[in-house]
Amino acid sequence: MNSSPSTVLIVGATGSIGRHAVAEALQHGYAVRALVRDQTRAARILPEGVDLVIGDLTRPETLGPAVDGVDAIVFTHGTTTSERDVRDNDYAGVANVLKTLDSRPVRIALMTAIGTTRPGVAYAQWKLRSERLIRASGNPYTIVRPGWFDYNQPDQRKIVMLQGDKRQSGSPKDGVIARDQIARVLIDSLHIDAANHKTLELIADHGPEQDDLTAVFNALTPDSSASLDGAEDSVDLLTESEPETFRHDLTAITATGL
């Protein structure tokens, strides 16, 4: 992470967070590529100058052109709270992109959700498994778990990063954050060294937004290279007891021998 990436692939670029991430990346001077299924629709939604590449996260054979030559990947995709949807789209999308990279190193920013480590919540466990694949891949990364989108008050713009995923009510009481701020943190993580190998819950507090997030990232504990989980997380999912799909993907992706 000594130099910023120049070409960034946004996965989920036409979604409510992805659109902000595209705009933020362009503002920072990145060349932006968007993985899209419908090029005509994407051209109406996204700004001029974005490289639109057709592909489908659920069809790994279509992903090669999207990842070819990129320096960074930002995952902003998401479906529902159905276990099947999250498993077959949110999780599988991360797994398929990582396998398509075939161990080529890129900078990664992954958006999941606050409460990902809640025990016994099936859809959340698949989000957690996607995080584990990112950590095992050997790539530099930041994992961002945002609170409830756009539930913040107008004066609630101070960016706060937590760890340990201790807020698990499943309601806005866990924390709130604006969509554009989620995008800002994802893109900022690509060029702030202190963000590397960090997992965080992202919320907003009352007060103005910071100009520079380096100190906020710097205050976080880095994830351990000896663990599949976040530095402050409490997780009770033994790898040997995990679904065969995950164990197969982990073997295919792991670069560290975890």
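In this predicted model, the side chains of Asp249 and Lys99 meet in a salt bridge, with 2.7 Å from N to O. Asp249 belongs to helix α8 (residues 244-253) and Lys99 to helix α4 (residues 83-101), so this pair ties together parts of the chain that are 150 residues apart in sequence. The two partners do not share one accessibility class: Asp249 counts as buried because its relative accessibility is 5%, under the 20% limit, whereas Lys99, at 33% relative accessibility, counts as partly exposed.

**Other salt bridges**

The structure holds 18 salt bridges, and two further pairs can be described beside the one between Asp249 and Lys99. Arg33 forms a salt bridge with Asp51, and the closest N and O atoms of this pair are 3.3 Å apart. The link joins distant parts of the chain, since Arg33 sits in strand β2 (residues 31-36) and Asp51 in strand β3 (residues 51-54), 18 residues apart. Arg33 counts as buried, at 13% relative accessibility, while Asp51 is partly exposed, with a relative accessible area of 36%.

Glu209 forms a salt bridge with Arg157, for which the closest N and O atoms are 2.7 Å apart. This pair also links distant parts of the chain, but here each partner is in a loop: Glu209 lies between β10 (198-205) and α7 (214-218), and Arg157 lies between β7 (148-149) and β8 (158-162), 52 residues apart. Glu209 is partly exposed, with a relative accessible area of 26%, and Arg157 is likewise partly exposed, with a relative accessible area of 22%.

The three pairs are set out below.

| Salt bridge | N to O distance |
|---|---|
| Asp249 and Lys99 | 2.7 Å |
| Arg33 and Asp51 | 3.3 Å |
| Glu209 and Arg157 | 2.7 Å |

Salt bridges also connect a group of side chains, for Glu131, Arg135, Arg145, Glu201, Asp223 and Asp233 are linked in a network of them. One member of this network, Arg145, can be placed relative to Thr81, since the C-alpha atoms of these two residues, 64 residues apart along the chain, are separated by 15 Å. Thr81 is found in the loop between β4 (72-75) and α4, and Thr81 is exposed, with a relative accessible area of 57%.

**A patch of positive charge**

On the surface, Arg19, Arg37, Arg41 and Arg44 gather in a patch of positive charge. Within this group, Arg44 has its place in helix α2 (residues 39-45). Arg44 counts as exposed because its relative accessibility of 65% is over the 50% limit.

**The chain as a whole**

The secondary structure of the protein chain comes to eight helices and 10 strands. The radius of gyration of the chain is 17 Å, close to the 18 Å that the globule rule gives for 258 residues, so the chain is as compact as a globular protein of that length. Along the principal axes, the C-alpha trace spans about 45 × 45 × 35 Å. Of the 258 residues, 53% count as buried.

Met111 is one of the buried residues, at 9% relative accessibility, and Met111 has its place in strand β5 (residues 107-111). Met111 and Ile143 are 32 residues apart in sequence, while their C-alpha atoms are 6.1 Å apart in space.

**Backbone angles in two loops**

Most residues other than glycine have a negative phi. Against that background, two loop residues deserve a look. Ser103 has a phi near 75 degrees, a positive value in a residue other than glycine. Ser103 is found in the loop between α4 and β5, and at 67% relative accessibility Ser103 counts as exposed. Asp150 has a positive phi of about 60 degrees although Asp150 is not a glycine. The place of Asp150 is in the loop between β7 and β8, which is also the loop that holds Arg157 of the salt bridge with Glu209. Asp150 is partly exposed, with a relative accessible area of 41%.

Conventions. Residues are numbered from 1 along each chain as its sequence is written. This is a predicted model: local features need pLDDT of at least 70, side-chain atom pairs count only at pLDDT 80 or more; totals for chains, interfaces and linings use all residues. Side-chain values use heavy atoms; hydrogens and water are left out. Patches are made of residues with over 30% relative accessible area and no salt bridge: like charges are joined within 9 Å, nonpolar side chains (Val, Leu, Ile, Met, Phe, Trp, Tyr) within 5 Å. Accessible areas come from the Shrake-Rupley method with a 1.4 Å probe; for residues, only the protein chains shown count as cover. A salt bridge is a side-chain nitrogen of Lys or Arg within 4 Å of a carboxyl oxygen of Asp or Glu. Lys and Arg count as positive and Asp and Glu as negative; His and the chain ends are not counted. The place of a charge is taken as NZ of Lys, CZ of Arg, CG of Asp or CD of Glu. Helices (H or I, at least four residues) and strands (E, at least two) are DSSP runs, numbered from the N terminus. Buried means under 20% relative accessible area, exposed over 50%, partly exposed in between (1.4 Å probe, protein chains only). The radius of gyration is taken over C-alpha atoms; the globule rule is 2.2 Å times the number of residues to the power 0.38.
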